[in-house]
Amino acid sequence: MTKQARRRFLKGAAAASALAAAPAYLKAQANAIKIGIPTVITGGYALLGSQVMRTCRLVKKMTDAKGGVLGRPVEFLFQDTQGDPAICVRKTQELVERDNCRILTGVIVSSEAAAMLPKLEEWNAVFISHGNGDGRLTAELFVPRFFRANTSAPMGARALALYLKDAPEKKFIAIASDAAWGRSSNAAFEEQIKKVGKDLTDKIYAPVANKDYSPYSTKILQSGAQGCYVALQGDEARAFYSQATQYGLAQRVQFFTEIVAQADIKVLGKDAIGLMGSSRYPLTYDIPQNKAFREAFMGEYKNEIPDWSDGEMYQALMILFAAVEKAGSPEPMKIVAAMEDLEVTSVKGPIKMRKCDHQGENQGFVVKVAQNKNFSEPVGEIVKIYPREQITPDCRKSSYST
């Protein structure tokens, strides 16, 4: 044995000896299943990132208490992407190369997710979306190592349009963030609302991180539309709704939002009552899986109600863990094989991870904001549930043949 080989051997033996003598919790952590969370910690979507992180911490606590996944603890490693695709790729590469994270989730912005897709093969990683809405991610941008557990923008628009078919409103206007998700949402809503015989007078795109919505509020009022479709999230949504309240917009135009978010309801307060839209996570859905999550969440985070991003993050992790257990390994390509056509019942009911494009088949929920004696603030109450087969687009498409 050469001197160099002997040094390597002794160094490895010393490390093994140190690990054997280490406390049990350190041994467990060394064997943890690492999950990389490149998310928005600072910037306009930081609230969504904070929801991702708090749910990951709750899930770690719940999962480790039950013996972990494959008998191993889970470890979440967070990086701040700032909502910027280039930063997201760089920070994710750090997670892969420095921390050996080959399982990725928690990405907030669809353009960040799109930037990551071409890198997954090089990184030998698997990426499961909890909230990326751009329909193209499981259509023309499809790659085998990406899965979307969540409701996409076309799916949310589809559920809402089906509900609006019998609504009294005939004329609509749409406003969205000028970003991948917003454009996907507006395009899907236009297609779906016209299919049910309604008129879309205009599509408005507000700049990303926009703060002044007064010109858009005026345009909405002058449009003569009876309904306004809103595809805004984060600071953008809260700015729009607070300024719309000042204009009395909600009294003259019925809002229909692509995502009913608890954070937006907080901003509007009682003015949120009557707001309608599709729901990525129906808080009041009365099934055991959702009740258990809701109680655990509200027990952990006093005075907080889980928002849509919390529910979608939890569901994505439950699907991921089920795939790891089925695969018997956290190795990325084994997860890919196990996740294809995997069926899981979680907080939103039965989900199927469709093999042909890796889109999760989710039920469609339409909710209306109302007071509920079980909660300290108004919440979205379910008014209609559509079967997942009716809500999920055609394979590798953002559109529907029927």
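1. Let me start in the middle of the fold: strand β4 and strand β5 (residues 146–148) run parallel and are joined by three bridges. Ser129 of β4 has Arg148 of β5 opposite. Strands here are DSSP E runs of at least two residues, helices are H or I runs of at least four, and both are numbered from the N terminus. Two strands pair if DSSP finds at least two bridges between them. A word on the source: this is a predicted model, where local features need pLDDT of at least 70 and side-chain atom pairs count only at pLDDT 80 or more, while totals for chains, interfaces and linings use all residues. Residues are numbered from 1 along each chain as its sequence is written, and side-chain values use heavy atoms, with hydrogens and water left out.

2. What does β4 pair with through two bridges in the parallel sense? That partner is strand β3 (residues 103–104), where Ile103 stands opposite Val126 of β4. In a regular strand, side chains alternate between the two faces of the sheet. Strand β4 (residues 126–129) is covered on both faces: Val126 and Ile128 are buried on one side, Phe127 and Ser129 on the other. Buried means under 20% relative accessible area, exposed means over 50%, and partly exposed lies in between (1.4 Å probe, protein chains only).

3. Just ahead of β4, have a look at Asn124, which sits in the loop between α6 (120–123) and β4. Asn124 is not a glycine, yet its phi is positive, at about 50 degrees. Its relative accessibility is 29%, so Asn124 counts as partly exposed. Ala209, in the loop between β7 (199–206) and α9, also has a positive phi, near 70 degrees, in a residue other than glycine. Ala209 is partly exposed, with a relative accessible area of 48%.

4. Next, the seven-stranded sheet. This open sheet has the order β7-β6-β8-β9-β10-β14-β15, and its pairing is mixed. β7 and β15 (379–386) are the edge strands, each pairing on one side only. From one strand to the next, the twist averages 25 degrees. Strand β6 (residues 171–177) runs parallel to β7, joined to it by seven bridges, and Ser177 has Ala206 in β7 as its bridge partner. Helix α8 (residues 180–195) packs on the sheet and touches β6, β7 and β8 (227–231), with its direction making about 180 degrees with that of β7. For such angles, axes are lines fitted to C-alpha atoms (for helices, over the stretch in contact), and the angles run from 0 to 180 degrees between N-to-C directions.

5. The other open sheet to check has three strands in the order β11-β12-β13, with antiparallel pairing. Its edge strands, each pairing on one side only, are β11 (343–346) and β13 (360–361). Strand β12 (residues 349–353) is joined to β13 by two bridges, and Met353 has Gly360 in β13 as its bridge partner. Helix α13 (residues 308–327) lies across β11 and β12, at about 140 degrees to β11.

6. Which residues does Ser309 of α13 contact, leaving aside neighbours within four places in sequence? They are Leu48, Gln51, Val52 and His130, where contact means heavy atoms within 4.5 Å. Ser309 is buried, with a relative accessible area of 1%.

7. Two helix pairs deserve a look. The axes of helix α3 (residues 46–65) and helix α12 (residues 288–300) come within 11 Å and cross at roughly 105 degrees. α3 and α12 are therefore roughly perpendicular to each other. For these words, angles under 35 degrees count as roughly parallel, over 145 as roughly antiparallel, 65 to 115 as roughly perpendicular and the rest as oblique. In α3, Arg54, Thr55, Leu58, Lys61 and Met62 meet Phe293, Ala296, Phe297 and Glu300 of α12. By class, this contact of α3 with α12 has five nonpolar, one polar and three charged residues. Ala, Val, Leu, Ile, Met, Phe, Trp, Tyr, Cys and Pro count as nonpolar, Asp, Glu, Lys and Arg as charged, and the others, Gly among them, as polar.

8. For the second pair, the axes of helix α9 (residues 214–222) and helix α10 (residues 234–247) come within 10 Å and cross at roughly 55 degrees. That makes α9 oblique to α10. Ser214, Ser217, Thr218, Ile220 and Leu221 of α9 meet Phe240, Gln243, Ala244 and Tyr247 of α10. By class, the contact of α9 with α10 has five nonpolar, four polar and no charged residues.
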